[in-house]
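Good morning, and thank you for the opportunity to present. I would ask you to look first at the model on the screen, and then to follow me through it part by part.

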Amino acid sequence: MIAFEWANASSVDEAVKLLKPANPAADPDDQPHPMGGGQDLLTTMKEYLVRPSRVVNLKTIKGLDEIKADGKGGLKLGATVILTDLGDHADVKAKYPGLAEAVHSIATPQIRNVGPDQYVACHFPLTPGEAIEFR
Ligand SMILES: Cc1cc2nc3c(=O)[nH]c(=O)nc-3n(C[C@H](O)[C@H](O)[C@H](O)COP(=O)(O)OP(=O)(O)OC[C@H]3O[C@@H](n4cnc5c(N)ncnc54)[C@H](O)[C@@H]3O)c2cc1C
């Protein structure tokens, strides 16, 4: 693994700034990456598939691990909601039973207890996501 800078983001705005350096690398795989659980990211870094100059930890952002009503009849899932909490959430089970069921089929409880929901929406994305909305 190559040397990289570690940054604990304290807000979404700060995370976005940390993910957009003044002089971005030409290859997106060399640019700063956000980290939720880090299971996928650190594995791909060890294999040099991605070589971020900076890893931005999103788990230090308060409130990003919450599932809330979006006021339009749907739900807003924070980017660091872990898969276990997503699959066990009463409103997710009631409104989106297929999603709750699908989440419980991913990997193992150990992986689901660490892995964030962002993975459900995108794998190896190039832009940071704050939340996913389901309606
Ligand atoms: C042993 C093992 C078995 C697995 N089995 C399955 C399986 O059977 N089925 C399945 O579907 N998945 C499986 N997975 C994948 C697992 O579900 C994901 O790794 C996990 O949910 C995502 O969490 P993570 O800790 O890997 O995320 P991270 O490593 O933190 O992030 C994954 C990627 O998303 C990016 N990212 C993180 N947060 C954001 C954000 N907010 N916005 C944009 N990009 C972001 C990161 O930069 C990275 O590229 C498995 C993983 C492991 C390690």
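**A walk through the predicted model**

Let me begin with one pair of residues: Trp 6 stands opposite Val 55 in strand 3. Before going further, I should say that this is a predicted model, in which local features need pLDDT of at least 70, side-chain atom pairs count only at pLDDT 80 or more, and totals for chains, interfaces and linings use all residues. Residues are numbered from 1 along each chain as its sequence is written.

The same pair of strands offers a second example, since Glu 5 stands opposite Arg 54 in strand 3. Strand 1 and strand 3, the latter covering residues 54–57, are paired in the parallel sense over four bridges. Two strands are said to pair if DSSP finds at least two bridges between them. Helices (H or I, at least four residues) and strands (E, at least two) are DSSP runs, numbered from the N terminus.

On the other side of the pairing scheme, strand 2 and strand 3 are joined in the parallel sense over three bridges. Here Pro 34 has Val 56 of strand 3 as its bridge partner.

What order do the three strands take in their open sheet? The order is 1-3-2, and the pairing is parallel. The edge strands are strand 1 (5–8) and strand 2 (33–35), each of which pairs on one side only. On average, neighbouring strands of this sheet are turned by 25° against each other, direction ignored. Helix 1 (residues 12–19) packs on the sheet and touches strand 1, strand 2 and strand 3; its direction makes about 170° with that of strand 3. For such angles, axes are lines fitted to C-alpha atoms, for helices over the stretch in contact, and the values run from 0 to 180 degrees between N-to-C directions. A contact requires that the C-beta atoms of two residues, placed from the backbone, lie within 7 Å.

Strand 2, helix 2 and strand 3 form a right-handed β-α-β unit. Right-handed here describes a clockwise path from the first strand over the helix to the second, with the strands pointing away from the viewer.

**The whole chain**

Stepping back, the chain has seven helices and six strands. Along the sequence they follow the pattern β-α-β-α-β-β-β-α-α-α-α-α-β. Of its 135 residues, 26% count as buried. A residue is buried if 20 or more other C-beta atoms lie within 10 Å of its own, exposed if 12 or fewer, and partly exposed in between, with C-beta atoms placed from the backbone.

Strand 4 (residues 67–69) and strand 5 (residues 75–78) pair in the antiparallel sense over three bridges. Lys 68 stands opposite Lys 76 in strand 5. The two strands, 4 and 5, form a hairpin with five residues between them, and Gly 71 in the turn has a positive phi of about 80°.

**Cores**

The largest nonpolar core has ten residues, including Ala 15, Leu 19, Met 35, Val 55 and Val 56. Helix 1 and strand 3 each supply at least two residues of this core. A nonpolar core is a set of buried Ala, Val, Leu, Ile, Met, Phe, Trp, Tyr and Cys residues joined through C-beta atoms within 7 Å. Leaving aside residues up to four places away in sequence, Met 35 touches Leu 41, Val 55, Val 56, Asn 57 and Leu 58. Apart from this core lies another, of eight residues, among them Leu 75, Ile 82, Val 92 and Val 103.

**Three loop residues**

Most residues other than glycine have a negative phi. Tyr 48, however, has a positive phi of about 60° although it is not a glycine. Tyr 48 lies in the loop between helix 2 (39–46) and strand 3. Why does Tyr 48 count as exposed? Because Tyr 48 has 10 C-beta neighbours inside 10 Å.

Ala 107 also has a positive phi, near 45°. Ala 107 is placed in the loop between helix 5 (97–104) and helix 6 (109–112), and it is exposed, with 12 other C-beta atoms within 10 Å.

Finally, Thr 60 lies in the loop between strand 3 and strand 4. Thr 60 counts as partly exposed because it has 15 C-beta neighbours inside 10 Å. Thr 60 and Ser 10 are 50 residues apart in sequence and 5.8 Å apart in space, C-alpha to C-alpha. Not counting residues up to four places away in sequence, Thr 60 touches Asn 8, Ala 9 and Ser 10.
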